[in-house]
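Here are my comments on the model you sent, set out as numbered points. Please read them with the structure open beside you.

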Amino acid sequence: MKKVFMFNSSYNEDSRIYRLTDYITNVLKEDLHVNYRTPFNTSMFPHNGNTEYYETGVHLQDKQDDINLVKKEILDSDLIVLATPVYCHMASSAMVVFIERVFSNWVHLFRILGKPYIIITTSESNGNNKAYSYIDNNLEIAGGMSLGHFPFKNIDTDEKERLEDLIKVAKDVIDQGSSISITDKQESAFQTYKYVLGQYDFENYERKYWESNKLMQADSLNDFWELYKNRGKIFND
Ligand SMILES: Cc1cc2nc3c(=O)[nH]c(=O)nc-3n(C[C@H](O)[C@H](O)[C@H](O)COP(=O)(O)O)c2cc1C
């Protein structure tokens with residue numbers, strides 16, 4: 001059965017964003033397995049600032065909470081859905097913790113290369129694009145493929161229609177897949193990391209990952225994708 005990973009970063013269970021993500025989950029659950037994560041069912045400590053894992057690949061904090069499990073669920077999923085309320089023109093603090101803990105080294109590794117994602121934001125009136133851009137930038141640099149931003153504002157009168165649009169986009173990509181094209185931003189990040197990581201010691205975790213997964217040998221991310229997109233698992237740990 002195909003799998004969806006969804007994270008709703010609100011602490012307000014009595015909110016529109018829960019109404020939306022509960023609805024989406026219930027519809028998708030008819031045909032798919034949904035890992036529906038929230039701050040209430042997932043322990044996730046704020047990042048402790050330790051940076052050794054960039055060199056070793058192991059962040060000790062990941063063993064103290066649910067982040068290792070969350071990472072596995074994301075890698076194992078066919079679609080990622082991230083939902084946040086807009087707070088002070090930004091994603092909520094729980095979404096920031098989630099991004100820092102999960103994506104701070106994945107952005108160097110193209111860890112979710114080719115994986116589609118959807119971002120949902122809710123606001124009273126404004127700030128949706130800023131919250132979206134923050135999340136989108138991290139997922140794009142980590143290799144993800146955007147299926148779009150679904151912003152919901154309290155003044156909207158077409159909530160039902162846009163929810164149905166979102167569900168259609170999600171179901172279509174699960175049923176039919178999607179042709180993936182590497183974005184300019186991803187290609188540019190690839191060239192930067194290839195140069196920077198190429199200077200690192202051979203024992204450095206990120207360099208080893210790039211060498212052993214043949215990223216370092218590719219001239220471009222597009223070449224890499226074309227060569228390895230059909231490999232069951234694109235990356236080994
Ligand atoms: C701490 C905080 C900051 C907020 N900042 C903004 C903001 O920058 N822009 C805005 O339009 N709404 C802002 N809001 C309103 C929320 O986005 C609002 O509650 C929105 O309806 C989110 O909906 P939901 O929590 O019901 O999903 C803020 C609310 C809180 C609690």
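1. I begin with helix H7, bearing in mind throughout that this is a predicted model. The elements that cover the buried residues of H7 include helix H5 (128–141) and helix H9 (221–228). The buried residues themselves are Gln 186, Phe 190 and Tyr 193, and, seen down the axis of H7, they fall within an arc of 80 degrees, so they line one face of the helix. This fits the general rule that an α-helix has 3.6 residues a turn, so residues three or four places apart point the same way. On the other side of H7, the exposed residues are Asp 184, Lys 185, Ser 188, Gln 191, Thr 192, Tyr 195 and Val 196.

2. The length of H7 can also be checked: it runs over residues 184–198, and its 15 residues should span 21 Å at 1.5 Å a residue, which agrees with the 21 Å between its end C-alpha atoms. Helix H6 (residues 159–176) can be treated in the same manner, since its 18 residues reach 26 Å from the first C-alpha to the last, close to the 26 Å expected at 1.5 Å a residue. Just after H6 comes Gly 177, which takes a positive phi of about 70 degrees.

3. Where does Ala 142 lie? Its place is in the loop between H5 and strand S6 (145–153). Ala 142 counts as buried because 25 other C-beta atoms lie within 10 Å, where 20 or more are required. Leaving aside residues up to four places away in sequence, Ala 142 touches Phe 103, Trp 106, Val 107, Phe 110, Arg 111 and Ile 112. Between Ala 142 and Leu 75 there are 12 Å in space, C-alpha to C-alpha, although the two are 67 residues apart in sequence.

4. Towards the start of the chain, strand S1 (residues 3–8) pairs with strand S2 (residues 33–37) in the parallel sense, over five bridges. In this pairing, Met 6 has Tyr 36 of S2 as its bridge partner. Together with helix H1 (residues 16–28), S1 and S2 make a right-handed β-α-β unit.

5. Lastly, the ligand is surrounded by 17 residues, of which the closest are Ser 15, Arg 16, Ile 17, Thr 122 and Ser 123. Two or more residues of this shell come from each of H1, strand S3 (79–87) and strand S5 (116–123). Which element gives the most to the shell? That is S3, with three residues.

Definitions and conventions: Residues numbered from 1 in each chain as written. Predicted model: local features only at pLDDT ≥ 70, side-chain atom pairs only at ≥ 80, totals over all residues. Pairing = 2+ DSSP bridges. Helix = DSSP H or I, 4+ residues; strand = E, 2+ residues; numbered from the N terminus. Right-handed = clockwise from strand over helix to strand, strands pointing away. Expected span 1.5 Å × (residues − 1). Buried ≥ 20, exposed ≤ 12 C-beta atoms within 10 Å, placed from the backbone. Arc of directions from axis to C-beta. Contact = placed C-beta atoms within 7 Å. Near = placed C-beta within 6 Å.
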